[in-house]
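Q: Could you take a close look at one part of this structure with me? I would like to see how two of its helices pack.

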Amino acid sequence: MRPAQLSSYRHLIQRLGFGMLTGITLITVIPIVVVVLYIFIQGVPAISLEFLTGFPRQGMRAGGILPAIVGTFLLTLGTAVFAVPLGIGAGIYLSEYATEGRLTRLIRLAIINLAGIPSVVYGLFGLGLFVLFLNFGTSILAASLTLSIMTLPVIISTAEESLRAVPQSFRVVSISLGATRWQTIRRIVLPEALPGILTGVILGLERAAGETAPILFTGAAFFLPRLPQSPFDATMALPYHLFVISTQVPGMPAQIQYGTALVLLVFVLGMNLLATVIRSRARARRQW
Amino acid sequence: MNSSLKRTEFIISLLIKISGYSAIIFVALIFYFLLSEGLPTLRDVPLASLMSTRWYPIEDYFGILPLIGGSILVTLGAGLIAVPIGIGTAIFIAEIAPRRAREILKPLVEILAGLPSVVLGFLGILILASFLRRFLNIPTGLTAFNGSLLLGGIAIPTIVSVAEDALDAVPRSYRDAALALGATQWQTIWRVTLPAARSGVLTAIMLGIGRAIGETMAVMMVTGNAPVMPTGLGMLFAPARTMTATIAAEMGEVSQGSVHYEVLFFIGIVLFMISLAINVTASAVVFRQRKRSERILS
């Protein structure tokens, strides 16, 4: 082959290759857009004031999904109460206190493992420790604790990353002005890292809000005629409710199913959007 | 420095240290509770019975092989879908896409990562199942294949983000050198960038597979839940039952301390061990790489 031919041949291969990769990317992306749009289109007609603020009626085949919405909100809040302080604390430890050594390596390995444990195994653990051993019963408390341990690795890793991204000189200056280590962390390092930490917290809670398997045996209820009154009550939750009405209840109107899926999706994607906005605004404002 | 300030400093340091160690404590606790509830299985169920191919708990048949087989079958199918698509997408985003396309593609993939698996399972039942039944002309659309499709979708974001990070971490100079020697961009990707990112791409595949094998709700909803021992890839088009789905479907109905309860925890131990093996192997690779944050947040 003459060089000119070789070159055009190679560029043909490249064009074909790039075309293939573009196609593959479209295969990934198009279903995502279609799924989200489809649920919006099918779900919107179900949304009404009664649907959002009413209780399920006629064996859940009519009425609203208020207890599931409130339940998911409470579970997310409960998860935040436990996971946020612990996760940020651990992030601070890894970024500001820990020295690289065997113990720190073990902590990192533990975090990676926590992130990989299947969600249903968290459910088993929550059942064993919180529901049975500590006798919390199937309750919001037990489910929140289970979800918070599952959420922990996301919060720890993002908190550590954001804290480490704060330039070392900030700390050196603060310490040299006579501030203690904690004063430096609280007044200088944490505020700078806050947007990044917040992003991680929201993404972690987003995952917790959409999970079903960990709450199956720790706090989720099939149907409750009233809202939960205390942390020791079981609760309905949006993802579990969607599971129930799409597999356990025969003759379920599709509109209610799509409506429930839409509310869950809005809840989760809303958090996702919030995290994205916080991240990009912080990035635009950063001066170092 | 006054003494109250010192005390505050001490207490806060202590709290932060405890939080730091908490991850180790939780992994240990999880392992301990799985073992304490699950190991009695080995006392109460003969090993030959446990390693048999019949899962029928009502009559005390606790053969877990069909469940392990089901998990492997569904995960294998998911891998066949997610690995080429995930890595192809990662290459496109990292190497080919213009900047503006990247900024749209990355959040879109993140949305997929955030979709609750029940939502996918719900669509799997309502849309995918009837489509597959008609399209493939099989008696039911609730099959291992349906599960594989959804699991593939669930594994893709993990594979894309980890593989893309690995490709991003390949120094610019490698690519420049290849291009300067007259290689096309395509040749550079295949012969230089991808081999240089090999370990990270392997990690991506492992983590994606790990994500798929541990997934519960979507699989439970669409695979038809028949604990049948798979004998080949053809079984993809028949109903199956995974380990995760078995725990989720049956734990609600068993009484604490019964043999069935113990066996379900025993399956939990198996799942824990699998994820442990995958993550320890993957982390051995990750430790050698640069910190992700240095690239993302800069």
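At roughly what angle do the axes of helix α4 (residues 65-96) of chain B and helix α7 (residues 144-168) of chain B cross?

A: Happy to help! This is a predicted model, in which local features need pLDDT of at least 70, side-chain atom pairs count only at pLDDT 80 or more, and totals for chains, interfaces and linings use all residues. Residues are numbered from 1 along each chain as its sequence is written, while chains are lettered from A and ligands numbered from 1 in the order in which they are written.

The axes of α4(B) and α7(B) cross at roughly 35° and come within 6 Å of each other. Here axes are lines fitted to C-alpha atoms, for helices over the stretch in contact, with angles from 0 to 180 degrees between N-to-C directions; helices are DSSP runs of H or I with at least four residues, strands runs of E with at least two, numbered from the N terminus. The crossing of α4(B) past α7(B) is right-handed (the near helix is turned clockwise from the far one by less than a right angle). Residues of this contact comprise 22 nonpolar, seven polar and three charged (Ala, Val, Leu, Ile, Met, Phe, Trp, Tyr, Cys and Pro are nonpolar, Asp, Glu, Lys and Arg charged, the others, Gly among them, polar).

Chain B also meets chain A: 67 residues of chain B are in contact with 73 of chain A (C-beta atoms, placed from the backbone, within 7 Å). Helix α1 (residues 3-38) of chain B gives the largest share of chain B's side, 19 residues. That side has 43 nonpolar, 19 polar and five charged residues.

Note on methods. Contact = placed C-beta atoms within 7 Å.
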